[in-house]
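Grab a pencil and open the viewer: here are a few exercises, each with a worked solution. Try each one yourself before reading on.

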Amino acid sequence: MKTGKTWLGKGAAALISVALASGGAASAALANYTTGFEVPGAGHDFGTATWDSGNKFASEGVDFSSQTVGQMMKTIENFDFEAFKKDHQDLPWLDSLLVNKGVIPDDIDDEGGANTLFSRGSALFMKTQDNTKLGFAGQVYYADTLNQDVMYSVSLSTGDVREDKNARKNYPSHEDQTYTSGALQVHQKKFITYYNSAVTLLDFHNPTSGDVKLTIKVKSPFAAVAEGDEMVGKRVAAPLMIGTDGSKFVKAMSYVDVRLSGNGMKPGDQGLVKEIVVPAGGTASQKITMGWLADEIPKSKTQYEEYKKIAGNGAAFERQVKEYNQWWAENIPYIDIPDENVKKVLYYRWWCNRFNLLEANIPGNDWQFPMNMEGVLGYNNGITVSVPWAMQDLKWLRNPVYAYGTWLAQGEYSENKNYKNNPGRPNIWTWDMMQNTSQVGWEAYKIYGGGNKLLKKFADISANDVTGTLEHFKGTDPYLVYYNHAPITGNDGDTVSMHWNGGGNYARLDGTSTTYANAVAAAEMYDELGDSSAANKERYLADNIRSHILSEMWYDGADFDGDGKADTKGEGSFLHKKIVNGADTFVPWRDNNMFVFNFGVVPTAKENGYQSKYLTQLADYGDPQYYPIFPFFTADQHSIMKRVQAFVDGKTDAYGTDQFAWCNFGNYINTIRASLRYYLWTTSTRTPTKICSTGAHGCIR
């Protein structure tokens, strides 16, 4: 998306970094993006966002029709594979759609972290990549760091290699690169298979009139012992989870054996070695395979052996491309959208979800299930606040293991308490956080099912989360959730309300609303199981949470801070509170206040407790003075300006941030959806129009 750049027009402005992914996803974008986006302050209307006219798209090659509605992705796959079999340059649709060509547009220095390898295995991936070397140079991870800057490197006797960066093509299934070394032209394809074999396919072309003798050497810090026709490394720790300060770590919960081989290559003290002759005007090829073999992933062993035995580069490449793209056909739904830009973003989002899945099957409670990791290139952990964001997407995959695995993992390592961040990676967001995991999980169960035994497991961990949350995040009111650390919300310095008059303990609308939604979900799960006693307990908690929000957290009036100026277009607003001298006091600065609508806390017209004044708060959403639709922010921009002034006046010690964040766009969409479905009203008459008869409990997604 082309956002342009607007320089600071006021003293208070926020520097915004735009990324084409939801929070925590891969850092490398698959289309041009813009950094240095600057917002001149509250009230600025950017108008309608426009797409870059130079954006590129790829056609499915198959017409969408009623005959292929249910099997569109499979139909595309069949079409693609038939064409790919005839011509390996004719790649499947999603490879062609999502390829990144050349260097990432804003990455002038071709920094290794930004140009990561898009191809990855179920546990093995490259966090960074050094494109100045052949093979897999860069930080290698098996679930987490292995503390090495190279998996294996390939050197040539003809000299160092020089890449033609403009010819680089980074596809989801593989990377395609062109180099020169001495007189030779070197074409490299590389990829990591699903079961964690790292394969390099090299083709050498000699354009000269004389033969070129070439010695190829392959070395790896993970496989230093010659054994048979391989270099091997036994019991390589996988993973060694290290804290950010290096003082805390979790010892390896599993080990893998590493085996490195190459067609016709001999192992020895220098690693794998082979001498070949590239004939004048001719070509030669070489395949190199490293397998990461784990007992808990039996196919890691068989797949390595299969790739090792494949004779030609073309056959190995064809197998990888087909197996990688087959996953799309088996799992994701086809989405038909007229705007090709939006369509591309949505399929990129599917790639982000897939890239951030860990399926290591590591023994123990931390990493035993397939699960979503927030940002494998960043935090690389199962982080509570982002789990439901991911599950909102994962629940639409045909295979339930990804949504259910992520949910079960949280339940398992939370020890019958509130959901926690995965303890398998210490010092990475180790505090407990806000989430609506049970609500989203319940929606996933409505899609997948699974039987009463599984549902009982989900219901119990959901109930434990509700009671655990109320117990852990305590304040003066037992039915409200209190936070004393802004990142608990997942919004960090954007949480403007928690900078009001310094720090402290805050009764939160966001965390309390999500806990309400989780309690409602738990009650409905027990209803489905026929356990009325457990259901009534959860419903009792939900009803009390709701009544305390409505009675204690609504502020009547438009002037929140008594300065004689309106802080809302409505008759009042739901506001967070801060404990001051033992009593909860309204906080006039707003962020995430819309959660009471998103999660159905505000009653609809046919529910008890309904008051039309609550709906007037919705007038602030879409108004650039408060909450512009684009760009989208965590905080009320009116409140941001007040925070800046308070900082200037010395009333708060935190300037904070004002991020243009995609995770917040999800909150905006939920607010708009809720208002259209359940809380529709007009600003002229301020008369609500009810459009959902089943109430928030049954309708809110």
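**Exercise 1.** Does Met 498 count as buried or exposed? Work out where Met 498 lies and which residues it is in contact with.

*Solution.* Keep in mind that this is a predicted model.
- Step 1: find the spot. Met 498 sits in the loop that links strand S25 (481–483) with strand S26 (506–508).
- Step 2: check the accessibility. Buried means under 20% relative accessible area. Met 498 comes in at 6%, so it counts as buried.
- Step 3: list the contacts, skipping neighbours within four places in sequence. That leaves Tyr 483, Asn 484, His 485, Ala 486, Gly 503, Tyr 506 and Arg 508.
- Step 4: look further along the chain. Lys 577 is 79 residues away from Met 498 in sequence, and their C-alpha atoms are separated by 9.4 Å.

**Exercise 2.** How do helices H8 and H9 pack, and which residues make the contact?

*Solution.*
- Step 1: take the geometry. H8 (residues 437–448) and H9 (residues 452–472) pack at an angle of about 165°, and their axes are 10 Å apart.
- Step 2: classify the angle. Anything over 145 degrees counts as roughly antiparallel, and that makes H8 roughly antiparallel to H9.
- Step 3: get the handedness. The crossing of H8 past H9 is left-handed.
- Step 4: pick out the side chains. H8 brings Ser 438, Trp 442 and Tyr 445 to the contact, while H9 brings Asn 452, Leu 455, Phe 458, Ser 462 and Asp 465.
- Step 5: sort them by type. You should get 4 nonpolar, 3 polar and 1 charged.

**Exercise 3.** In what order do the strands run in the open sheet of 5 strands, and which strands stand at its edges?

*Solution.*
- Step 1: write down the order. It goes S5-S8-S14-S21-S20, with antiparallel pairing.
- Step 2: spot the edges. S5 (134–137) and S20 (266–268) each have a single partner strand, so one side of each has no neighbour in the sheet.
- Step 3: add the twist, which averages 25° from one strand to the next.
- Step 4: zoom in on one pair. S14 (residues 212–219) and S21 (residues 271–278) run antiparallel and are joined by 7 bridges. Lys 217 stands opposite Val 273 of S21.

**Exercise 4.** Now the open sheet of 3 strands: what is its order?

*Solution.*
- Step 1: the order is S4-S6-S7, and the pairing is antiparallel.
- Step 2: S4 (124–126) and S7 (144–145) are at the edges, each with a single partner strand, so each has one side without a neighbour in the sheet.
- Step 3: S4 is joined to S6 (residues 140–142) by 3 bridges. Leu 124 has Tyr 142 of S6 as its bridge partner.

Technical notes:
Residues are numbered from 1 along each chain as its sequence is written. This is a predicted model: local features need pLDDT of at least 70, side-chain atom pairs count only at pLDDT 80 or more; totals for chains, interfaces and linings use all residues. Side-chain values use heavy atoms; hydrogens and water are left out. Axes are lines fitted to C-alpha atoms, for helices over the stretch in contact, and angles run from 0 to 180 degrees between N-to-C directions. Helices (H or I, at least four residues) and strands (E, at least two) are DSSP runs, numbered from the N terminus. Angles under 35 degrees count as roughly parallel, over 145 as roughly antiparallel, 65 to 115 as roughly perpendicular and the rest as oblique. A crossing is left-handed if the near helix is turned anticlockwise from the far one by less than a right angle, and right-handed if clockwise. Contact means heavy atoms within 4.5 Å. Ala, Val, Leu, Ile, Met, Phe, Trp, Tyr, Cys and Pro count as nonpolar, Asp, Glu, Lys and Arg as charged, and the others, Gly among them, as polar. Two strands pair if DSSP finds at least two bridges between them. Buried means under 20% relative accessible area, exposed over 50%, partly exposed in between (1.4 Å probe, protein chains only).
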